[in-house]
Structure formats: structure tokens, C-alpha cells
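Here are a few exercises to work through with the model open beside you. Try each task before you read its solution.

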Amino acid sequence: MSTFTRAESDLSGELHIWHRFRQGDMQAFQSLYQRHVKSLTSYGHRLTPDRHLLEDAIHDLFIDLWRRKEHLNDADNIRFYLFRALRNRLSRNGRNNVFEQAEDIDGFLDYLVALSSEQQHIDSEGAHARTQRVRHAVESLSDRQKEVINLRFYHGMSLDEISELMGLSKQGVSNLLYKAYAVLRTRLGELTILSLLVPMGEMHAWTL
Amino acid sequence: MCAYHLSLTMNDESLNIEDLLGNDSFISWVLQDADALLWEEFLRSNPGKKELVERASKIVLDLHRAEQEAVPAIDEQKLWARIESTAESREETLLLVKPERKMFKMLLVAAGVVLIGALGVFQTMRTDRKRVTYKELLTHAKVENQLIEKQNQGNAAMELRLEDGTVITLGKNSKLSYPAHFQKRKREVFLSGEAFFNVIKDPSRPFLVYANETVTKVLGTSFEIRAFENSQDVTVHVRTGRVSVYKQSRIQTDDPETTGLVLLPNQKGTFNRDSEVLVKNLVEEPLPIAPITETKKTRFDEVPATEVFAEIEKIYGVQILCDHELLSKCIISTSIRNESLYDNLDVICRTIGGTYKEIDAQIVIDSKGCF
């Protein structure tokens, strides 16, 4: 089973850094930034497509942390804390519509109906091309579906955390994921029959 | 996810891929190799589910990789430099006030000015006692090092190359002392007068310039220092990279750097030797950090003024503070020319009917907005 080791799973180090940061240690502040900036960029770009806006939001977020460091509590889940702060910051900004936008039902149905021609090439592609195709399919999701896919499959967040972060019930999160799967399945092709013919190791996964 | 609950749901005959994708423990296993024992045990006791598990984990990894590729490239180091410089700037509060609280902001600026003024008056009452001369610096340094001294008494600039490859251009009536061999942990030189430094990068050995009462510390960058013995100020101009400047105390404090300034390109630090106050400003003629090339966007048609300001921020590495809400309604067409920052700001401010001023090495735009 392949694994992705993440810096933030090193919990005791993380808490130590957090503690030192709250005492005004600039180096700890920098490690905090270095540990989380990639995650924040990845999540943030699902909240706003504007890279400058995102950079500004991350800048402001860290400045706000630094300014309020004496008043911050012990955070047992620092990444979650930062994600929520980033989300609040970008929603206050009002320049993007992830937050007001209802699920776009018409668009959703369109995806279900329109079968993409890309799916026919699925057998012969290499690993990179495959990733590109999945990425392309993810781009066709609604903003909130992209957000939930990012949190779940890139950051590996639990359903409880996602539900708290996005302000949805746990059932709401599951529904959102199911809709996303449905769109992805349509975009990436129906290979249910084909998969029976493909040897196990090379089997394509998109046969939900 | 406790083991009991897991085995209950997972043994179900109707178990499908969505169930696995909805299981937190499954996701942690695939992405972070957590709960591995649990899942290995599950596969051993449910060999029939092997295919399902493999398909589900492939989906998780596919989506993970796709999202990984989608992450936009941002310059993390540059963003950090910006965060650090804002966090360290003494007018920190100024940046954080929201545009709607303009009056409060102005009051803060006024308070800051009064404070600096007051400090100045207070400090001049006890001047010379605190002055550090070049000679004193050398006697202090000689204890551990054999120093070489170069003096420039001619009219032309004098170029010196140190053993680490650093090139120093010494101005006239200036002198520099440096060890024949640098120490293992730091590179120290002593300056009286004026010099331009092009320091070779070596993160393991910071480069320190002692000049009068100031210490300028860099890892690798180019900058100019002016520190004549008989002059009132010491100034440091940064051309590239990042520099920190701080006051040198007679009694070495724990970390003098924490009370210093961090300077970025197009910024200068001025140390007033009477008041002993270090101030950060923009240099007189801020120039593009890198020459404007064709790849950069310099021509704007019918865009919000804020977009142009954002581009200027990038080109000159200078922060511009403005009321985003007001100015996003100002639609302008203009081009950024390869010249001084102020020339460009003049043109834009004339278009939007605003003014600008420099506060603490940042540009503050004042405009009533456009309707």
C-alpha cells in the first residue's frame, strides 16, 4: 500500500512548535508556515481560483495569527484550525462564490447525460496521462464538490472534520461526495464489463 | 474508527466502494498508512473483498494525485518573506486595520510619528557616550583574528574580492577591514565609509558588516552601506535579497536581531546615531527588482485599478495598501513602464483622482474611488 507521509502527522513536534510560536518565537512561526503552506495552497485554490487573492489570504491569515498569538488557545488540530481560518477569510472577502452558490443541478444533470469521448482511451494511457484525465474530470465538478474531494482525498480529512469545516451535516457531506462520484463516473467512463477482462494489477479503478 | 465498528460494517455482503470511500479509517490507511494492522487483518479474514479494496484504494490514490497536480505554484519563499516583513514591521497595526477604519489608521500614524519624535529628543540628551568608532570595532575584533585593512583614498571606486568570492566596491574616503580567513560560523567585516556589497550565498555562514553602531546581517545578497564616522546617519540600501539590520549594543543582548529591521529589495534602513532609532523607508528611486520582460504583464486594458497595483507590487517588491472595495470600481487602461515606481504611480493616481504616500516602506493610496 503506497503511503503519503505528511509533515503534519508528526503531532508532538507540531504541538511543540505551536507552543513556541505562541511565545513569539519567529523560527517556530516560520516552521508553522513551512509545514502548512502547501496544504493551505491546495485547499485554498479550491476556494478561489485567483492565485493573488489566495496568496493575500494566506499572508493575512499568518499575520493575524502572529498578531493574536498571545490570545490563541492550545490547538489539538492545527491544520484544521488553519483551514477554517482560511475558509472564513476567503468567505468574508465575498469575491468568490463557493459559499453562496447552491449545487448546480442543471449542470450536474448535463454531466450525467453527456458522455465524454475521452473515456475510450482509458486502456492505453500511462500513469501521468491517467492523472491528467482524473484531474480534468475533477475540474468539471461544482465548486463545493471540488472542495469536498480535495479535503477528503488530498488531505485525508475525516467526514466529521469536513462537516464542521464546510458547515454541513455529515449526511450533507456524504451526499456531496456521492454526487461527485456520479459525475466522475460519467466523465471517466463505464468500465464495468471491461474490468472483468483486465488482469487484477492493471485494472482501472473507475468501476464504482 | 474502532475495530469493532469497522468489522461490523465491513463484513456486510453488500459492502460497496462508496462504503469504503466513506470510511475514515480506510482513507487514513491508504493515504497515511494508519490503521494498517486493522486493514491487513480485514483482508485476511475477508479474502473475497480484496478486489473491492484494491479498486477503492486506487480511486483514493487517483484523486489524491490529481489534486496534488492541481495545486497552483506559488512562490512560498517570497510569500514567507512578505509575511515575515509584515510581522516584524513596527507599524504592524497599521496593516491590519480595515479600510473602513481610516480615521483610526491616521491616528495611529500620527501617534507613531509623535513617539519617534519624542524618542529622538530624549536620546539626543545622551549622545556621544553611545557612539562606536571603527577603531573600537577593530580592537574588539583583533582578539581572535588577523585583519587586513584596505583604504580607498583615490577618487575612483576600489573593488575588493574576499576569499569566499564576495565582491565589495569601496567608495572614496572609506576603509574596510576583513580577516585573511573567515571563521567557520560567520563572515565578519568592518566598514567605515561607503561600500557596495555583493555577497556570495552561504546559508551556513552569515555575512556580518559592522559599521558604526549597526550590524547588517545577510546570507547572500547585494546592498550598499553608508557609514561615515562623522555623519549623523548610517544607511543600508538593499538591491537584491534580504538583509537584516540591527543596532549593536555595548553589552551583547541575547538576540539583538529581534529589535532590528528586515529589509527587502527597494527598501533602505536608516539608523540615526543621535536618536539611535532605526527606520525603514523605500529607497529614493525604487526600480524593478528584475527587468520587465515581455512575459510579464505590463499592458492593461479596462481593468480594475487594484489589478494594476497588484502587478506593480510584484514588479517592485513593494507593498501597496489601498481600499480594495473602492478601487476595484476604478476601471483603467494603462501600461507599466520600465522606470521608477513613482513615475508609474503618478500616472495611475492621476487617472483615478487619488494621491499616494510612503509610510514605513509601503505605499498607501488615498482615493475617493470611482463612480
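**Exercise 1. Work out how β17(B) and β18(B) pair, and place the sheet and helix around them.**

Start with the pair itself. In this predicted model, β17(B) and β18 (residues 362-367) of chain B run antiparallel and are joined by 6 bridges. For one partnership to look up, take B:I359, which sits opposite B:Q362 in β18(B).

Next, widen the view to the sheet. It is open and has 3 strands, ordered β15-β18-β17 in chain B, with mixed pairing. Which strands stand at the edges? Those are β15 (319-321) and β17 (354-359) of chain B; each has a single partner strand, so one side of each has no neighbour in the sheet. Leaving direction aside, neighbouring strands here are turned by 25° against each other on average.

Last, add the helix. Lying across β17 and β18 of chain B is α12 (residues 341-352), which runs at about 140° to β17(B).

**Exercise 2. Describe the hairpin of β2(B) and β3(B), and find its residue with a positive phi.**

Begin with the strands. β2 (residues 158-161) and β3 (residues 167-170) of chain B are antiparallel, with 4 bridges between them. To check the register, go to B:L160: its bridge partner in β3(B) is B:I168.

Then look at the turn. There are 5 residues between the strands, and B:G165 takes a positive phi near 100° in this hairpin.

**Exercise 3. B:D33 and B:N266 both have a positive phi without being glycines. Decide for each: buried or exposed, or in between?**

Take B:D33 to begin with. Its phi is about 60°, and it belongs to the loop between α3 (24-32) and α4 (36-45) of chain B. Now count neighbours: B:D33 has 15 other C-beta atoms within 10 Å, so it is partly exposed.

Move on to B:N266. Here phi is near 70°, and the residue lies in the loop between β11 (261-263) and β12 (267-272) of chain B. The count for B:N266 is 22 C-beta neighbours inside 10 Å, and the cut-off for buried is 20 or more, so B:N266 is buried.

**Exercise 4. Set out the make-up of each chain: helices, strands, burial and contacts.**

Chain A has 9 helices and 0 strands, so you'd write its pattern along the sequence as α-α-α-α-α-α-α-α-α. Of its 208 residues, 33% are buried. Among the contacts in chain A with a separation of 6 or more, 66% are between residues 24 or more positions apart.

Chain B comes to 12 helices and 18 strands. It has 371 residues, and 32% of them are buried. Residues 24 or more positions apart make up 51% of the chain B contacts with a separation of 6 or more.

**Exercise 5. Characterise the packing of α7(A) against α8(A).**

Geometry comes to hand from the axes: those of α7(A) and α8 (residues 159-166) of chain A come within 10 Å and cross at roughly 145°. The crossing is right-handed.

Which residues meet? From α7(A) there are A:E147, A:V148, A:L151 and A:R152, and from α8(A) there are A:I162, A:L165 and A:M166. Sorted by class, the residues of this contact are 5 nonpolar, no polar and 2 charged.

**Exercise 6. Describe the side of chain A that touches chain B.**

Get the totals down: the contact takes 41 residues from chain A and 41 residues from chain B. On the chain A side, the elements giving two or more residues are α2 (26-44), α3 (51-67), α6 (127-139), α7 (143-154) and α9 (170-188). The largest share comes from α3(A), with 9 residues.

Then split that side by class: 20 nonpolar, 15 polar and 6 charged residues.

**Exercise 7. Say where chain A calls for caution.**

Check the overall confidence: the mean pLDDT of chain A is 73, and 67% of its residues reach 70 or more. Now pick out two stretches. Residues 1-9 of chain A stay under 50, and the model gives them 17 contacts beyond four places in sequence. Residues 94-124 of chain A are also below 50, with 31 contacts beyond near neighbours in sequence.

How should you treat such stretches? Where pLDDT is low, don't read the predicted coordinates in detail.

Conventions:
Residues are numbered from 1 along each chain as its sequence is written. Chains are lettered from A and ligands numbered from 1 in the order in which they are written. This is a predicted model: local features need pLDDT of at least 70, side-chain atom pairs count only at pLDDT 80 or more; totals for chains, interfaces and linings use all residues. Two residues are in contact if their C-beta atoms, placed from the backbone, lie within 7 Å. Ala, Val, Leu, Ile, Met, Phe, Trp, Tyr, Cys and Pro count as nonpolar, Asp, Glu, Lys and Arg as charged, and the others, Gly among them, as polar. Two strands pair if DSSP finds at least two bridges between them. A residue is buried if 20 or more other C-beta atoms lie within 10 Å of its own, exposed if 12 or fewer, and partly exposed in between; C-beta atoms are placed from the backbone. Axes are lines fitted to C-alpha atoms, for helices over the stretch in contact, and angles run from 0 to 180 degrees between N-to-C directions. A crossing is left-handed if the near helix is turned anticlockwise from the far one by less than a right angle, and right-handed if clockwise. pLDDT is the predictor's confidence in each residue, from 0 to 100.
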